[in-house]
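Reader: I am a first-year student, and I would like a close look at a single part of this protein chain. Could you choose one helix and take me carefully through its surroundings?

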Amino acid sequence: MLRQDLPFIPLGGTNEVGPHRAPFITIVRSLSMSTTTYSVTGMTCGHCAASVTEEVKKIAGVKDVEINLVTGGESQVKVTSDADLAVDDVRAAVDEAGYELTGASA
Ligand SMILES: [Cu+2]
């Protein structure tokens, strides 16, 4: 009886830490992080992208900004935030940097 119980002691101890923590972190992330990709026209170089990044990062809740620069076309601005952003706030930030927001998609 004791021999049969022994192997389950270390396994039980591990499971108590692992599976309880991992799903908790996953759930918190999926509920609180939001990513939206915006189309922005008018950017022509890295300086343009840096200006847009700087302005968009000023919006409350923005955690990360990634830009796929398309010179002379629609650049893609991927914004990760801890809450859904108001598109007007993003438009205002892009406008402040000197460019135009032309679309948004989840
Ligand atoms: Cu530029």
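Author: Let us take helix α3, beginning with its outward side: the face of α3 turned away from its buried side carries Gly-46 and His-47, which are exposed (a residue is exposed if 12 or fewer other C-beta atoms, placed from the backbone, lie within 10 Å of its own, buried if there are 20 or more, and partly exposed in between). Before going further, please keep in mind that this is a predicted model, in which local features need pLDDT of at least 70 and side-chain atom pairs count only at pLDDT 80 or more, while totals for chains, interfaces and linings use all residues. Residues are numbered from 1 along each chain as its sequence is written.

The buried residues of α3 are Ala-49, Val-52 and Val-56. Seen down the axis of the helix, these buried residues fall within an arc of 65°, so they line one face of α3 (the arc is that of the directions from the helix axis to the C-beta atoms). In the protein chain, buried residues make up 18% of the 106 residues.

What do the buried residues of α3 pack against? They pack against β1, β2, β3 and α4, where a contact means that the C-beta atoms of two residues, placed from the backbone, lie within 7 Å. These labels follow DSSP runs, numbered from the N terminus, with helices (H or I) of at least four residues and strands (E) of at least two.

Helix α3 itself spans residues 46-56 and lies across β1 (34-41), β2 and β3, running at about 160° to β2; such angles run from 0 to 180 degrees between N-to-C directions, and the axes are lines fitted to C-alpha atoms, for helices over the stretch in contact. The strands belong to an open sheet of four, in the order β2-β3-β1-β4, with antiparallel pairing (two strands pair if DSSP finds at least two bridges between them). The edge strands, each pairing on one side only, are β2 (62-68) and β4 (100-105), and the twist averages 25° from one strand to the next.

Strand β3 (residues 74-81) is joined to β2 by six bridges and to β1 by eight. On the β2 side, Asp-64 has Thr-80 as its bridge partner in β3, and Ile-67 stands opposite Val-77; on the β1 side, the bridge partner of Thr-36 is Val-79. In a regular strand the side chains alternate between the two faces of the sheet. Accordingly, you can compare the two faces of β3: Ser-75, Val-77, Val-79 and Ser-81 form the covered one, whereas Glu-74, Gln-76, Lys-78 and Thr-80 form the uncovered one.

The remaining neighbour is helix α4 (residues 87-97), which lies across β1, β3 and β4 and runs at about 145° to β4. The axes of α3 and α4 come within 8 Å and cross at roughly 140°. That makes α3 oblique to α4, since angles under 35 degrees count as roughly parallel, over 145 as roughly antiparallel, 65 to 115 as roughly perpendicular and the rest as oblique. The crossing is right-handed, the term used when the near helix is turned clockwise from the far one by less than a right angle, an anticlockwise turn being left-handed. Where the two helices meet, Ser-51, Val-52, Glu-55 and Val-56 of α3 face Val-90, Ala-93, Val-94, Glu-96 and Ala-97 of α4.
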